[in-house]
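Me: I'm new to this structure and would like a close look at one part of it. Could you walk me through that part and then show me what surrounds it?

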Amino acid sequence: PYRRLDVAVPTQTHNTYYAYSQVDKKHLIFHIGAGNNPSSCNPYLNCSAGYTDKCTGIRPPAGWPDPSCPIENGAHVHYSKSLDGPWISGGAVNINTTGMPPAAGTSNPSPYIFPNGTVLLVARGKDATRFPNGTVKVQHNIFLYRAPAWNGQFEWVRGHGIAGALNVGNGKLLTEDPVLWRGRRGFHILFHSHPDLTHAWSEDGLSWEWSADLIGPPVVGAGDHERPRVAVDPNGDLDAVFMSQEIGPEDASCTYAYKVI
């Protein structure tokens, strides 16, 4: 079983994503939020074994204070020579915003690092637009970036979808929380498409196809599948899927692992 060892990256850190750079032998954690505040800034203290004292779910009770230190949003990265740390802040992911469409964003970054250090990164822009009359339009919100190294400058790569996004989504299903990997038959992305998952695939990592078929394990109660992550076998085939599953009206969560057969 897993056991807690220590804090790797402090608050504010969200949607963590592990990657490894073979060129410089660096372990990497991509995330949103700068992860540079001391624990005293976190009002959600006394958390152990996945539960917070006097809290009935993943959100704190009414009346708890807001974070007491400034929160720096956007994609960031921490790096280390060892999984045991120490984890050092690499700062914000360096994105060249020249020419990027207004809908583009870098939330929930998901990198793939080639053996030569080149990085492809997919990230999420704005999910939906809400109009004054109350109607909501789902956006095409997944964008692709490329850099010569994880700590280099990322350039937006124009996709074949609407407004330069990747050609995923149909304007109805959400596509968020991408997880990008490479297998024997090319590149793949799993998305959280509330409340299930959807799949995209590509031969070269640049031109993508996407299926609106909802996939994934059964949804428990009124729950949801969030933040999928994958493990691949030595052949590059999908071996297991991990996800954070929100659990129904209790407003609680847990992490599930599913073996792919």
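Is Y79 buried, partly exposed or exposed, and what is its relative accessible area?

Reply: Let's start with Y79 itself, keeping in mind that this is a predicted model. Y79 is partly exposed, with a relative accessible area of 21%. Buried means under 20%, so at 21% Y79 falls in the partly exposed class.

Now for its partner. The whole structure has 5 aromatic pairs, and one of them joins Y79 and W150. The two rings sit 5.3 Å apart, centre to centre, with 45° between their planes, which makes the pair tilted. W150 is buried, at a relative accessible area of 8%. As for where the two residues come from, Y79 belongs to strand β5 (residues 75-80), while W150 is in the loop between β12 (142-147) and β13 (154-157), so the pair ties together parts that are 71 residues apart in sequence.

That loop leads us to the strands on either side of W150. β12 and β13 run antiparallel and are joined by 3 bridges. Across them, Y145 stands opposite W156 in β13. Both strands belong to an open sheet of 5 strands, in the order β7-β13-β12-β9-β8, with mixed pairing. β7 (95-96) and β8 (107-113) are at the edges with a single partner strand each, so one side of each has no neighbour in the sheet. If sheets are new to you, their strands pair through backbone hydrogen bonds, either parallel or antiparallel.

Elsewhere, Y112, F114 and F187 form one aromatic cluster. There is also the second largest pocket, with a volume of about 280 Å³. Its lining has 19 residues, and W181, L190, L238, V241 and V260 lie nearest the pocket's centre. By type, the lining divides into 10 nonpolar, 5 polar and 4 charged residues. β14 (176-183), β15 (186-193), β16 (196-202), β19 (238-247) and β20 (252-259) each supply at least two lining residues. The biggest share comes from β19, with 3 residues.

Stepping back to the whole chain, you'll find 20 strands and 0 helices. Of its 261 residues, 41% count as buried; W150 is buried, whereas Y79 is partly exposed. Looking at contacts with a separation of 6 or more, 47% are between residues 24 or more positions apart.

Methods:
Residues are numbered from 1 along each chain as its sequence is written. This is a predicted model: local features need pLDDT of at least 70, side-chain atom pairs count only at pLDDT 80 or more; totals for chains, interfaces and linings use all residues. Side-chain values use heavy atoms; hydrogens and water are left out. On a 1 Å grid over the protein atoms alone, a cavity is a set of points where a 1.4 Å probe fits but cannot get out, and a pocket is an open set with protein on both sides within 12 Å along at least five of seven lines; lining residues have an atom within 4 Å of a point. Grid points are joined across faces, edges and corners, and a volume is the space filled by probe spheres set on the points. Helices (H or I, at least four residues) and strands (E, at least two) are DSSP runs, numbered from the N terminus. Ala, Val, Leu, Ile, Met, Phe, Trp, Tyr, Cys and Pro count as nonpolar, Asp, Glu, Lys and Arg as charged, and the others, Gly among them, as polar. Rings of Phe, Tyr and Trp (its six-membered ring) pair if their centres lie within 6.5 Å; planes under 30 degrees apart count as stacked, over 60 as edge-to-face and the rest as tilted. Buried means under 20% relative accessible area, exposed over 50%, partly exposed in between (1.4 Å probe, protein chains only). Two strands pair if DSSP finds at least two bridges between them. Contact means heavy atoms within 4.5 Å.
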